[in-house]
There are 2 protein chains.
Amino acid sequence: MSFLTIGSVAIDNLETPFEKRDNVLGGAATFISITASYFVDKPMLVGAVGEDFGEENLKILKEKNVDLSGLQIVKGGKTFRWHGRYHYDMNNRDTLDTQLNVLSDFNPSIPSHFQHAQYVCLGNLDPVIQRNVLLQIKSPKLTVCDTMNYWIESKLPDLKETLKLVDVLIINDSEARLLSQSPNLVKAARIIRAMGPKILVIKKGEHGALLFTENSVFSAPAYPLETIVDPTGAGDTFAGGFTAYLAKVNTINDITLRKAVLYGSAMASFCVEKFGTEGLLNLSLLEIDDRYRSFLELSRIEE
Amino acid sequence: MSFLTIGSVAIDNLETPFEKRDNVLGGAATFISITASYFVDKPMLVGAVGEDFGEENLKILKEKNVDLSGLQIVKGGKTFRWHGRYHYDMNNRDTLDTQLNVLSDFNPSIPSHFQHAQYVCLGNLDPVIQRNVLLQIKSPKLTVCDTMNYWIESKLPDLKETLKLVDVLIINDSEARLLSQSPNLVKAARIIRAMGPKILVIKKGEHGALLFTENSVFSAPAYPLETIVDPTGAGDTFAGGFTAYLAKVNTINDITLRKAVLYGSAMASFCVEKFGTEGLLNLSLLEIDDRYRSFLELSRIEE
């Protein structure tokens, strides 16, 4: 089934306690579309970059068969840039610099052949833009939305309008607590699902993820990695894998949703094993299925 | 199979954001033995209380068929008392007061008919006492040890000596990080298992638990509770359920260990639903198995 993502396409400067790299390809739509390429044909990307983006970065996306007809290359513009530094525990990070550049007046019109996309993954962006994009999609089968504490704190009324329109919200545990004003994640899930999204995924980093649907709660484990090289993009990768797996099987029920959480988690575990998008560029479907089965093993009780 | 626990027997003053209760029966050995009573006949308790402990508290333990021949009632002594206050999120607490009383010179000799116990659960106590007890048990089949940050910080060399003698260590995630000096729990597990215990359980509160054995990692979910009334004793209850389930099935392998983690988690989920030991006093085996099956459901992927 057709898959569309909208989000940032970025150039990042990344610092971990062990390594520092400048001018690394990044951005939510980048991670989401590259991840989706393992599940669907020609994932559609909507975004904007500047003239500085570079042929090499375009080539990376093209080689993963990403449909770039919705990627605007703004004449005279500069690409969105993010500079982050991870703490020693890799669970926390500081943003040292953000340059919105071409994203500062980004409000895309969706190419007509993108408007029939069936599975839509809204990367973390201003909720007003997310809503404007959603309203241009004719009849999506599933809409999945990411957001972050910045929008919860600065644009809550807009975010709430967007949430009314989406089927799935994917956020992390601290964002869920912030959005719901409840420290208890089960209560938080009830409150957030009442805001619109009937399906909620709460990512908990090293503690895995929770999936809340009408009928049940699913607890997904995290992959036990001894070494995390770079957590950048793990959340976007999760969202991309989750949505694109559902696009591939084109069936939405409690079982496929649970599997989608594990495929999202599996893809995110590959992401953090290398810098930037590197861990996602040369995977085989066999490797992905092996990793998925490792996730099953982590919580299997043989009877 | 026979089951023995040693640990504190206490009278607690408890404060949660919603309620305050004084003179509540508590202590590690109390929670462990009451929990064990659902899995084994006549769990043996080794501990000490003062003359103030009261007939009513003794009656609670007797009604759960706990063998109290190892419970010393110190003439003229006072029972160990703990006063704690939980934060709004229930994940953190402050100790407002600790009175060791009879525990200050507690160093028990194990009654001869207790010395053949096969499954031994060492509640959180001074590691020197834990070791002295262990050395009095003739040939235990499985030894399980709990500890806490206080002993890791103040008696690390003694704790390390004790760890050389135990089969299973059960600690929480912050204690695992402190003991291993590693922020990564997978690395922490490797380091701690090299200290002695071949089996390690890391409890993560609302995030479930991890089981590390020679062969595999198991990730257990947490029960999604909207309301936690009182977390006191949840960790002890987990240890009691874990060890006593293994005593009941009298088989130790990766499958029974995984099930033991879920039974421990199930018992702990009952514990936190009421104040003190109240949630553990009137359970049926059917309720326990239903809760265990809910845990299975939380991570089940139907194929």
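# Exercises on a two-chain model

In chain B, S6(B) and S7(B) run antiparallel and are joined by 6 bridges. This is a predicted model, in which local features need pLDDT of at least 70 and side-chain atom pairs count only at pLDDT 80 or more, while totals for chains, interfaces and linings use all residues. Residues are numbered from 1 along each chain as its sequence is written, and chains are lettered from A and ligands numbered from 1 in the order in which they are written.

A few words on terms will help. Helices (H or I, at least four residues) and strands (E, at least two) are DSSP runs, numbered from the N terminus. Two strands pair if DSSP finds at least two bridges between them.

## Exercise 1: a sheet in chain B

Task: work out in which order the strands of the open sheet in chain B lie, and which strands are at its edges.

Solution, step by step:

1. Begin with strand S2 (residues 10–15) of chain B, which pairs with S3(B) in the antiparallel sense over 5 bridges. Within this pair, B:Leu14 has B:Arg21 of S3(B) as its bridge partner.
2. Next, follow S2(B) to strand S6 (residues 80–86) of chain B: these two run parallel and are joined by 6 bridges. Here B:Ala10 is matched with its bridge partner B:Phe80 in S6(B).
3. Then move on to S7(B), where B:Arg93 stands opposite B:Tyr86. S6(B) and S7(B) belong to a hairpin with 6 residues between the strands, and in it B:Met90 takes a positive phi near 65°.
4. Put together, the 4 strands form an open sheet in the order S3-S2-S6-S7, with mixed pairing. Strand S3 (20–26) and strand S7 (93–99) of chain B are the edge strands, as each pairs on one side only. On average, neighbouring strands of this sheet are turned by 20° against each other, direction ignored (axes are lines fitted to C-alpha atoms, for helices over the stretch in contact, and angles run from 0 to 180 degrees between N-to-C directions).

## Exercise 2: one residue of that sheet

Task: decide whether B:Tyr86 is buried or exposed, and list what it touches.

Solution, step by step:

1. Locate B:Tyr86 in strand S6 of chain B.
2. Apply the rule: a residue is buried if 20 or more other C-beta atoms lie within 10 Å of its own, exposed if 12 or fewer, and partly exposed in between, with C-beta atoms placed from the backbone. B:Tyr86 has 20 other C-beta atoms within 10 Å, so B:Tyr86 is buried.
3. For touching, two residues are in contact if their C-beta atoms, placed from the backbone, lie within 7 Å. Not counting residues up to four places away in sequence, B:Tyr86 touches B:Glu15, B:Thr16, B:Pro17, B:Arg93 and B:Pro231.

## Exercise 3: neighbouring helices in chain B

Task: find which residues of H7(B) are buried, and then which residues of H6(B) are buried.

Solution, step by step:

1. In H7(B), the buried residues are B:Leu185, B:Ala188, B:Ala189 and B:Ile192. Seen down the axis of H7(B), they fall within an arc of 100°, so they line one face of the helix. The arc is that of the directions from the helix axis to the C-beta atoms.
2. These residues of H7(B) pack against strand S10 (168–172), helix H6 (173–180), strand S11 (199–203) and strand S12 (209–212) of chain B.
3. In H6(B), the buried residues are B:Glu175, B:Ala176, B:Leu179 and B:Ser180. They cover an arc of only 120° around the axis, which puts them on the same side of H6(B).
4. Their cover includes helix H4 (149–154), S10, H7 and S11 of chain B. Just after H6(B), B:Gln181 takes a positive phi of about 60°.

## Exercise 4: how the chains meet

Task: describe how chain B can be laid on chain A, and which residues make the contact.

Solution, step by step:

1. A turn of 180° and a shift of 0.0 Å along the axis lay chain B on chain A with an RMSD of 0.0 Å. That is the relation of a two-fold axis. Copies are superposed by least squares on the C-alpha atoms of residues with pLDDT of at least 70 in both.
2. The contact takes 27 residues from chain A and 26 residues from chain B. On the side of chain B that touches chain A, helix H7 (185–193), strand S13 (217–220), helix H9 (254–271) and helix H10 (285–298) of chain B each supply at least two residues.
3. By class, this side of chain B has 13 nonpolar, 5 polar and 8 charged residues (Ala, Val, Leu, Ile, Met, Phe, Trp, Tyr, Cys and Pro count as nonpolar, Asp, Glu, Lys and Arg as charged, and the others, Gly among them, as polar).
4. Of the interface residues of chain B, 100% are also interface residues in chain A, so the copies meet through the same surface.
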